[in-house]
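Q: Could you zoom in on the interior of this one for me, meaning any pockets, cores and cysteine links? I'd like a single connected walk-through, with the cut-offs spelled out as you go.

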Amino acid sequence: MKFVLLFVSFVATATAFADSRCHEGPSYWCSSHDAAKECAAIDFCSQNFWQEDEEVVGGYVSCKACTWAFTMIEGYVFTPSNEDRVLNFTAKLCDHIPASYVLTCKEMVKDYGKTALATLIAKLNPQMVCTAMGQCTKTSLTATQAGLAKEKTCSPCKQAMAEVRSEAESMFTWWQNSCSDAVNTPGCVTYSEMALLLNRAIVNEFICEEMDMC
C-alpha cells in the first residue's frame, strides 16, 4: 500500500510539472514571483537570485510609485478637453490659501498655466517627469520595466506610503490651520478638508497592491 501511495504521488507530481515550465530550473523559477510560487521556489529564489539591496529596492519603490501616480494623472486629468477646467479650478484654489500667497498663485496660473499643461500633455511622460523630480534613475527605470519580487518590494512600499501619507497630512493640516489668514476662510477650510480626505482615500492601505508591489 505504501508503494502504491508513493507511486500515485509521483505520477501526480510528474503530471503537474508536465503542464508547467518548472522542469526548466532556476532560469524559469526565478523569472517572476508568479513562476517562483508555481514551482514552490520562492525561498530558493529569494536567497540565490533576488538579492537586490535596500538602495535598489528603495529606488524601485520610489520610481514605480511616482510613474504610477503620474500615469493616473495623465490619463484622467491632463487631457486637451480638461485643460480649461483644470486651469479654472487651479485659479479658484488660489482664493483659498493664505492671503499673502493669493496674488502670486493667480499670476503663476495666468502666466504659466497653459504652457505648463501643454508641455505636460505634448512632451512629458511619467518616466521623464519622475526622472526630472529625482524619483527615477536609469537603474530604477530599468528595474520597473523588469519588475522585482513582491517579497522584496511590499514592506518598503508600505513604509514609503505611510511616510507620504504622514507628510501630506501634516501639509494639509498646516493649510487648514492657516485658513484664518485666507480671504475666504470657510472656503479655505472646505478645500483643505477635501484635500485631506482625498489624500486618505488615495494613499490608503491598499495602494501598494494597486501598484502591484504587494
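A: Here's a tour that starts with empty space, moves to nonpolar packing and ends with the sulfur links.

First, the ground rules: this is a predicted model, so local features need pLDDT of at least 70 and side-chain atom pairs count only at pLDDT 80 or more, while totals for chains, interfaces and linings use all residues. Residues are numbered from 1 along each chain as its sequence is written, and side-chain values use heavy atoms, with hydrogens and water left out.

Now the space. The largest pocket holds about 1,700 Å³. A pocket here is an open set of points on a 1 Å grid over the protein atoms alone, where a 1.4 Å probe fits and protein lies on both sides within 12 Å along at least five of seven lines; lining residues have an atom within 4 Å of a point. Points are joined across faces, edges and corners, and the volume is what probe spheres set on them fill. The lining runs to 46 residues, with Ile73, Met171, Phe172, Asn199 and Ile202 nearest the centre. Helices H5 (54-76), H6 (83-93), H7 (99-122), H10 (150-177) and H11 (185-202) each give two or more residues to that lining; a helix is a DSSP run of H or I with at least four residues, numbered from the N terminus. By class, 40 of the lining residues are nonpolar, five are polar and one is charged. Nonpolar covers Ala, Val, Leu, Ile, Met, Phe, Trp, Tyr, Cys and Pro, charged covers Asp, Glu, Lys and Arg, and the others, Gly among them, are polar.

On to the packing. The largest nonpolar core has 15 residues, and Tyr60, Val61, Cys157, Met161, Cys208, Met211 and Met213 have the most contacts inside it. H5, H10 and helix H12 (207-210) each supply two or more of its members, and H5 has the largest share, with four residues. A core means buried Ala, Val, Leu, Ile, Met, Phe, Trp, Tyr and Cys joined through side-chain atoms within 4.5 Å, where buried is under 20% relative accessible area, exposed is over 50% and partly exposed is in between (1.4 Å probe, protein chains only). Leaving out residues up to four places away in sequence, Met161 touches Ala65, Val203, Ile207, Cys208 and Met211, a touch being heavy atoms within 4.5 Å. A second, separate core of 10 residues includes Ile97, Ala182, Ala195 and Leu196.

Finally, the links. Counting cysteine sulfur pairs within 2.5 Å as disulfides gives six of them. One joins Cys63 to Cys136, S to S 2.0 Å, and at 100° about the S-S bond this link is right-handed. Cys63 sits in H5 and Cys136 in the loop between H8 and helix H9 (138-146), so the pair ties together parts 73 residues apart in sequence. Cys63 and Cys136 are both buried.

Another disulfide pairs Cys154 with Cys214, sulfurs 2.0 Å apart, and its 100° about the S-S bond makes it right-handed. Cys154 lies in H10 and Cys214 in the segment after H12, so this link ties together parts 60 residues apart in sequence. Cys154 and Cys214 are buried as well.

Cys179 and Cys188 form a disulfide at 2.1 Å between sulfurs, left-handed at -75° about the S-S bond. Cys179 and Cys188 are both buried.
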